[in-house]
Amino acid sequence: MSDWKNKCEAEWSLQGAPMPDSLDWKSIYEAKPLNRNLLRNTSPFGLSKDIPPPEPELADMPSHGPPRFTPEGDFGGWTTNTEVLPYDMSGIPPNVVVCQMPQFSWFSMEQIVDLKAEGLWEELLDDFQPKIVINDWYEESQLHDFIYELHVKLLGVDKSTVIAEHSVRPKDDRSNYSHTWKEVSHVFSGYGPGVRYVHFTHRLKNSFMNEFFPTKFTGSSVMVKPVRTSS
């Protein structure tokens with residue numbers, strides 16, 4: 001058993017981290033909980049952040065179709081939800097008749113990562129408090145000023161107590177056309193003892209007006225880094 005413990009310590013640079021002899025170090029080594037993406041199915045659209053997002057193929061789109069508010073993709077491993085938003089009439093002057101305008105919707109995807117089930121141990125999480133690194137990439141679809149939201153919570157053993165959290169709602173610049181992947185990242189450190197779960201949620205805005213125009217994402221990740229932080 002000490003050989004497996006030594007392998008974990010050497011490979012993950014855990015010098016100074018609490019490593020009780022009572023743990024099954026062979027299982028921990030095989031689980032490889034550090035420096036690994038703990039999210040499942042991180043690219044449901046089959047896209048890579050290393051390749052620019054595809055341009056909408058307008059020629060292949062029907063000129064009319066039934067309302068659609070949910071994108072197509074393989075969302076296995078995610079809990080999804082669609083929220084259709086009311087029409088935004090705020091910028092329309094009084095007595096102006098509008099024949100057609102886009103209707104927006106939020107498509108939410110969430111996962112809960114069980115840190116102990118992934119191979120991490122309580123003493124490491126509570127005393128060493130390794131960095132928990134969040135990354136995500138969303139498409140600059142230019143459908144709206146606000147097309148993306150990220151909400152991440154570090155939860156206690158009851159899956160409801162919030163020990164630390166981070167949210168972001170960037171405003172996109174639509175003054176010039178741009179269609180790239182935009183990165184969002186955050187590092188949790190010094191979060192205190194008791195963290196057992198990571199609740200990852202992001203929302204992307206879609207639009208429907210004759211055709212469905214989604215905002216896509218790729219490369220979502222939750223990674224625990226063996227770097228000590230202080231509370």
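Ser 105 sits in strand E2, which spans residues 103–114. In this predicted model, Ser 105 has a relative accessibility of 0% and therefore counts as buried, the cut-off being under 20%. Once neighbours within four places in sequence are set aside, the contacts of Ser 105 take in Phe 69, then the run Thr 82, Glu 83, Val 84 and Leu 85, and finally Leu 204, Lys 205 and Asn 206.

The strand that holds Ser 105 belongs to a protein with three helices and nine strands. Read from the N terminus, these elements follow the order α-α-β-β-α-β-β-β-β-β-β-β. Contacts that span long stretches of sequence are well represented here: of those between residues at least 6 apart, 79% join residues at least 24 apart. Of the 231 residues, 43% count as buried. The accessible surface of the protein amounts to about 12100 Å², with 50% of it belonging to carbon and sulfur atoms.

Two loop residues deserve a look for their backbone angles. Ser 13, in the loop between helix H1 (2–11) and helix H2 (25–31), has a phi near 55°, a positive value in a residue that is not glycine. Gln 142 likewise is not a glycine and has a positive phi, of about 60°; this residue lies in the loop that links strand E3 (131–139) to strand E4 (148–155). As for their surroundings, Ser 13 counts as partly exposed because its relative accessibility is 45%, between the limits of 20% and 50%. Gln 142, at 17% relative accessibility, falls under the 20% limit and so counts as buried.

Technical notes: Residues are numbered from 1 along each chain as its sequence is written. This is a predicted model: local features need pLDDT of at least 70, side-chain atom pairs count only at pLDDT 80 or more; totals for chains, interfaces and linings use all residues. Side-chain values use heavy atoms; hydrogens and water are left out. Helices (H or I, at least four residues) and strands (E, at least two) are DSSP runs, numbered from the N terminus. Buried means under 20% relative accessible area, exposed over 50%, partly exposed in between (1.4 Å probe, protein chains only). Contact means heavy atoms within 4.5 Å. Accessible areas come from the Shrake-Rupley method with a 1.4 Å probe; for residues, only the protein chains shown count as cover.
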